[in-house]
Structures are given as structure tokens and as C-alpha cells.
Amino acid sequence: MGSRGSRAAVIPDVDSIRRETGFSQACLLRLYHRFRALDRNKKGYLSRMDLQQIGALAVNPLGDRIIDSFFPDGSLRVDFSGFVRVLAHFRPIEEEDTGMRDPKQPEPLNSRMNKLRFAFQLYDLDRDGKISRQEMLQVLRLMVGVQVTEEQLESITDRTVQEADEDGDGAVSFLEFAKSLEKMNIEQKMSIRILK
């Protein structure tokens with residue numbers, strides 16, 4: 001057993017979190033220490049302000065939207081299991097993850113489809129299951145800043161929505177979004193290093 005097992009035991013529900021997220025016990029322990037460091041007032045949960053301390057999110061144009069994903073349904077706090085559940089979307093897909101998986105088990109949080117769902121929700125602000133032209137334009141504004149004129153930005157938005165919108169409703173559904181990104185290596189783009 002040794003000290004490794006006893007150190008991991010301080011994490012509540014570590015075995016179920018490990019199974020759900022795919023993180024190793026060592027990685028969960030590092031994330032737990034990071035969680036506790038972000039929780040400066042030792043409340044046992046993180047608020048938006050706590051997450052805004054993360055430098056990578058502070059400089060990311062979509063940082064606020066990523067922070068929003070930690071607080072589904074308007075909650076004001078995230079516990080450790082919710083924290084690592086969101087971070088698991090960024091975990092790289094390993095060869096053993098793509099092998100023979102029990103179809104009765106839930107799809108891993110870091111699967112290609114779950115990564116796409118996570119990315120889709122960053123655009124779908126009103127959570128209606130579609131990315132409208134206005135939502136696409138807002139995200140593109142955040143991402144490019146002042147480097148592109150408003151006219152160019154609107155042209156890019158119109159072209160992007162038009163190319164992805166197969167049913168002609170003027171918006172991009174999740175399936176249209178997934179299909180348009182099929183040729184991109186989304187797993188690699190969403191697999192960031194969460195611990196430094």
C-alpha cells in the first residue's frame with residue numbers, strides 16, 4: 001500500500017472519479033493539490049473568482065466561456081469532482097482509450113464526441129442546440145480581437161455558417177458542427193497541458 005495510497009485517500013471518492021475521468025491516481029493527486037491551492041479560503045469548492053486565478057484562462061479569449069462550463073445550470077460553486085470532470089475533456093486520448101471499450105459503459109469524457117460537445121457548448125451561448133450567426137460572430141470577435149475589421153469578421157462568420165449549415169436553417173446544429181470539424185484533429189487541439 002505505502003504512502004501513495006494513503007495520500008490519494010484524502011481525495012473524496014477517488015476511485016469513482018478515476019474511473020469517470022480516466023486520470024491516474026498520481027494525476028488526480030496533483031489536480032487535488034491544484035484545486036486546494038485555487039481554493040485560497042479553504043471553502044471546499046471553487047467559485048468563478050477562484051478559477052479566474054488560472055493564468056491560462058485569464059489570457060484565453062474563451063476563458064470566461066471555459067469557466068462557465070464549470071458551473072452548469074447556473075450553480076455558483078464547483079467541487080473537486082466537478083472540477084476534474086471538466087478538465088477530463090482536455091485529457092489526450094490514449095491508444096488504450098480507443099481500443100475495445102465496453103459499450104455498456106459511458107463514453108469517456110475525453111472521447112472525440114465529448115470534446116466536440118464541449119467545444120460546441122462554448123459557442124452555443126443560449127443552449128438551444130444551435131450556433132446562430134450572432135453566437136458565431138461573438139466568438140470570432142473574442143478570438144481575433146482588433147486584428148480583423150468588422151466587415152471581414154462578418155464575412156468570415158457568414159461563410160462559416162453557410163458552409164456548415166446543411167439544412168439551411170441559418171444556424172449550425174451539433175451534428176453539422178461535428179461534421180464540419182471531422183477533418184480537423186480536434187483531439188490534439190483540445191488536449192492541453194493542465195498541469196505545469
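**Exercise 1.** Determine whether aspartate 50 is buried or exposed, and which side chain it meets in a salt bridge.

*Solution.* Step 1: aspartate 50 has a relative accessible area of 7%. Buried means under 20% relative accessible area, exposed over 50%, and partly exposed in between (1.4 Å probe, protein chains only), so aspartate 50 is buried. Step 2: a salt bridge requires a side-chain nitrogen of Lys or Arg within 4 Å of a carboxyl oxygen of Asp or Glu. The side chains of aspartate 50 and lysine 43 meet this way, at 2.8 Å from N to O.

The model is predicted: local features need pLDDT of at least 70, side-chain atom pairs count only at pLDDT 80 or more, and totals for chains, interfaces and linings use all residues. Residues are numbered from 1 along each chain as its sequence is written, and side-chain values use heavy atoms, leaving out hydrogens and water.

**Exercise 2.** Identify the other salt bridge of lysine 43 with an aspartate, and state the accessibility of both residues.

*Solution.* Step 1: lysine 43 also pairs with aspartate 39, at 3.1 Å from N to O. Step 2: lysine 43 is partly exposed at 29% relative accessibility, whereas aspartate 39 is buried at 4%.

**Exercise 3.** Establish how the salt bridge between lysine 130 and aspartate 169 relates to the sequence.

*Solution.* Step 1: the closest N and O atoms of lysine 130 and aspartate 169 are 2.3 Å apart. Step 2: lysine 130 lies in strand S1 (residues 130–132), and aspartate 169 in the loop between helix H11 (150–164) and strand S2 (171–173), so the pair ties together parts 39 residues apart in sequence. Helices (H or I, at least four residues) and strands (E, at least two) are DSSP runs, numbered from the N terminus.
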